[in-house]
Amino acid sequence: MPDTVQFHVRGAIAEAVIDNPPVNATSASVRQGLAEAIRRSEADPAVRALVIRCAGKTFIAGADIKEFGKPLVEPGLPDVIAMMDRATKPIIAAVHGTVLGGGFEVALACHYRIASPEAKFGFPEVKLGIVPGAGGTQRTPRLAGLATTIRLTTEGGQIGTASAFAEGLIDAIADGELAAAALAYAEGLVAEGKGPRSAGSLPMPADDPALFEEARRTLSRKMRGQSAPLKILEAIRLGYEMDFGAALVRELEMCRESIAGPQSKALRYLFAAEREVARITDLPADTATRPIDRVGVIGLGVMGRGIVMAVASAGLPVIAVGLDQAHVEAAMKAITRMWASSVAKGSLTQEAMDKRLALITTSDDPRDLAATQLVIEAVTEDLAVKKAVFATLGQATQPGTILASNTSFLNIDALAEASGRAEDVCGMHFFNPAHVMRLLENVRAAKTDPEVVATIMALGRRIGKLPVLSGVCDGFIVNRMLSKRSREAFFLVEEGADPALIDKVLLSFGFPMGPFALGDLAGLDVQAAARKARAASATERELRADFVEQMVAQGRLGQKTGSGWYLYDENRKASPNPQTGAMIAAHAERHGLTLRGIGEEEIRERLLYAMVNEGAKLLGEGIAPRPQEIDIAMVNGLGWPSHTGGPMHWADQIGLEKVLAKIERFRAEQGDAYWTPAPLLARYATEDRGFAA
Ligand code: 3HC
């Protein structure tokens, strides 16, 4: 037996115990061990049943992603599963932890399943751009019906043991320790004379085939641009068109095709990148973290409230400090209202809401923050105001208390100096709504202590965020890159591109919405304020493209006033706004500009290459430590489509030489001020390498 699988026989029951940390993936040695265990159990006349279970924190969490793209080492998982189908003695899966992907498929191929009460089941393959390849699309519908199968396999979510039992996906729930319960369960089966059974011998469910069409429509909208969800639907349908064995063969082919495709490559890259950004290259893994058992939030506007909610939702006590009692009361009312609406919708229990509220204490006196070990500042986005707050915090809190600013573009080094305790100061830039958005840009300033960096990275994960480390610059990673896209979007409009076409181009690329629909949603007054705050560093041409200011002057603030780039009805459904075309024509005339027709390719490349070039600058300047930080930030902060892997991975796939050639063309047409290639991009292009080597 290989090291990763142990085999032993206890009376009439054989046991194969997989031990392949960290997540018991079905690596080659596990597949070999399982095959050998089935052979031995079949060959030993004393054995009447085989239990398969796992050591460690989880049952098999899937195929070994690290083996993808490499030559297959026999036997493949489907070969092992075929052995289970042929077995003459019952095989029982005893599962705990996260029973995912290929692990779920192994369990479903076993003849009986017993689970510990806290187990979770799912098919996350879709999130890796993969069609399940070991029978998941064929066995699940036969056991749980079409609707459940479609939901589990195309959305990639998880269900708990109770639901899995109710859906018919497992046969028993372990009472007490799993290994002992499984042994007793197997002995019971043997005593009852129960033999092997395969889900494959059951008929496909007689569910309404209209479910396929309905799902196709929903997925085309919700997971726009992604190929795996629709391929998975196709794979499920195979069960109705051919026999079980033939459907398995085709499912496996589809699985292999999906693994070889660019979308899965991009999604697997992001899976690894998400784990990679937790490891800070120049921060030793054993860097001490400071204990945090109470967090302070100062400034209770929209961002401050969201941060209070995020912290309390994670079970951490928080002191919320507002400008005065009126602000504090308004904030607590708003927070209570938001949670109450979750309770009304059923996504939060009243008990959980009460617990969260009980974790929040309020004050209008910054001195109360002395009882915290971390304060997150979210006051108004004004350097002078923030500096004053940091000076106060430097005095009001204990030395060693971390002082983090939620600023989205102000200079954190200046705030650090103002505090008098620069080594304790950093940025924690949340995205709106802060209690929902996963991305957190943690910012290391010039003098930030390494312990502070380690602490805010760990704290970010503790409150359920995806923290990415950035250096200090105007806008950090996401907003700095986004500002280049906004610039190009306005320039394109000035040159003659229809804003609706620009939105459509980004929508078809896979963004959830284009820049103009986004502007209308966020509020054009908010966008105008942001442009004003940056006016000092804007070029004449950027200031001239003042469409947002023109609309604000007319009272057109976007969705909230029913008119912006688009018109909105009472349900906020958008339609073309004739005033927009008129505004653009008048703007052109006023400034003597000639409008031209602009094709979709130029629109896409100008919007996206502008961001890639800025990303390359961030890397060159060391603001973003690695391309992974940028890709994770842009996918999770801006909605850059994950199936393209984020801007830097996407550019790598196109080839930096090609990207550079286009940037040079835009430079010739648009000027050095906007399109000078990032030195790093130019260098990598000549070295024929990508950002990720
Ligand atoms: N293969 C290889 N390595 C894996 C893996 C897998 N399927 N799943 C997780 N790992 C690795 C991670 O890369 C990480 O390695 P690192 O420490 O070197 O960064 C380590 O295991 C721990 O993972 P997490 O940090 O994610 O640990 P958590 O405890 O937070 O989460 C988990 C555990 C829920 C299992 C999570 O890792 C996960 O969701 N994994 C992916 C599961 C998955 O996608 N399975 C389907 C694979 S495709 C498949 O099965 C095809 C089939 O149909 C044939």
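In this predicted model, Gly622 adopts a positive phi of about 80 degrees just after helix 25. The helix that precedes this glycine, helix 25, is made up of 21 residues and reaches 30 Å from its first C-alpha to its last, which is close to the 30 Å expected at 1.5 Å a residue. Of the 21 residues of helix 25, 16 are buried, and the helix is therefore largely enclosed by the rest of the structure.

Aromatic contacts were examined next. A pair of aromatic rings is described by the distance of the centres and the angle of the planes. With ring centres required to lie within 6.5 Å, the count comes to 16 aromatic pairs. One of these is formed by Tyr609 and Trp650, whose rings are tilted, with 5.7 Å from centre to centre and 45 degrees between the planes. Because Tyr609 belongs to helix 25 (residues 600-620) and Trp650 to helix 27 (residues 647-654), this pair ties together parts that are 41 residues apart in sequence. Both Tyr609 and Trp650 are buried. Tyr609 and Trp650 also take part in a cluster linked by ring pairs, in which they are joined by Phe509, Phe511 and Trp640.

Rings in the model also lie beneath charged side chains, as two cases show. The charged end of Arg275 sits over the ring of Phe271, at 3.7 Å from the centre of that ring, while Arg541 lies over the face of Phe491, with 3.8 Å to the ring centre.

Notes
Residues are numbered from 1 along each chain as its sequence is written. This is a predicted model: local features need pLDDT of at least 70, side-chain atom pairs count only at pLDDT 80 or more; totals for chains, interfaces and linings use all residues. Side-chain values use heavy atoms; hydrogens and water are left out. Rings of Phe, Tyr and Trp (its six-membered ring) pair if their centres lie within 6.5 Å; planes under 30 degrees apart count as stacked, over 60 as edge-to-face and the rest as tilted. Helices (H or I, at least four residues) and strands (E, at least two) are DSSP runs, numbered from the N terminus. Buried means under 20% relative accessible area, exposed over 50%, partly exposed in between (1.4 Å probe, protein chains only). A charge sits over a ring if NZ of Lys or CZ of Arg is within 6 Å of the ring centre and within 35 degrees of the ring normal. The expected span of a helix is 1.5 Å times one less than its number of residues.
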